[in-house]
Amino acid sequence: MIQAPAINCFKSSTHPQHPDLKAFLTEKLSNPYNKYCLDCKKNLTTHCIVWLGVFVCKDCAELHKDTFGGNQYSYIKDVYGEQWDDYQLRSVCFGGNQPLFTIMKEYQIDNQHMSSKYRHACVTWYRKKHITLMDGLPFDIDTNPKPPKDWDERVQQTKQQFMKSTENL
Ligand SMILES: [Zn+2]
C-alpha cells in the first residue's frame with residue numbers, strides 16, 4: 001500500500017476569499033433549494049459537489065468521500081473555505097440542487113442510499129451533461145438520451161432506436 005506523502009503544501013485556503021466571490025457564493029446558497037443539503041435535507045449546505053453542481057452539508061460531503069473513495073467521482077469543495085477557479089465556478093453557475101432533486105424524484109431514487117442513488121443511470125446521465133456544459137460543449141440529447149424509467153419505456157426506446165436505424169436502409 002502506498003501512503004500519501006506528508007508534505008507541506010501551499011494552501012490557498014489560508015487566504016480569505018475575494019469579497020465578490022463570497023458575495024456570489026452567498027447569493028447562490030440563499031436559493032431555498034441550495035440552502036439545505038440535497039442528501040439529508042436537514043442541514044445547511046457547506047460543500048459543493050463540483051461534478052454535479054449541487055450543494056450538501058459537511059456530514060454528507062464526508063459520506064460522499066467515504067462512499068466513493070475520495071474525490072474522483074464527486075469532487076467536493078468547501079464552499080467558503082477554499083479558493084475557486086473559473087472552471088469550478090462554471091459548475092456553480094450551471095448547477096444548483098433543484099434540477100438534480102427533480103430528476104431524483106422523477107426516477108424515485110430520492111430516498112435510496114447514497115451509494116446506489118449516485119450510481120443510478122439518471123445521475124450519471126446528469127453528471128455527464130453537467131460536465132459537458134462546464135466544458136462549454138453542446139450536449140446532444142439525441143445521442144445522449146435520458147435513461148428510461150421502467151421496462152416499458154426501455155422497450156419503447158429500443159423500438160424507436162431500431163426504427164430510426166432502419167430508416168436509412
Ligand atoms: Zn446532509
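**Exercise 1.** Leaving aside its neighbours within four places in sequence, with which residues is L100 in contact?

*Solution.* Residues are numbered from 1 along each chain as its sequence is written. The model is predicted, so that local features need pLDDT of at least 70 and side-chain atom pairs count only at pLDDT 80 or more, whereas totals for chains, interfaces and linings use all residues. Two residues are in contact if their C-beta atoms, placed from the backbone, lie within 7 Å. With those neighbours left aside, L100 touches L38, L52, V54 and Y126.

**Exercise 2.** Describe the largest nonpolar core and find which strand or helix gives the most to it.

*Solution.* A nonpolar core is a set of buried Ala, Val, Leu, Ile, Met, Phe, Trp, Tyr and Cys residues joined through C-beta atoms within 7 Å, and a residue is buried if 20 or more other C-beta atoms lie within 10 Å of its own. The largest such core has 20 residues, and those with the most contacts inside it include L38, L52, V54 and L100. At least two core residues come from each of β1 (47–49), β2 (54–56), α3 (58–68) and α5 (97–106), where helices (H or I, at least four residues) and strands (E, at least two) are DSSP runs numbered from the N terminus. The most comes from β2, with three residues.

**Exercise 3.** Determine which residues form the contact of α4 with α7.

*Solution.* On the α4 side stand Y87, R90, S91 and F94, which meet H130, L133 and M134 in α7.

Definitions and conventions
Buried ≥ 20, exposed ≤ 12 C-beta atoms within 10 Å, placed from the backbone.
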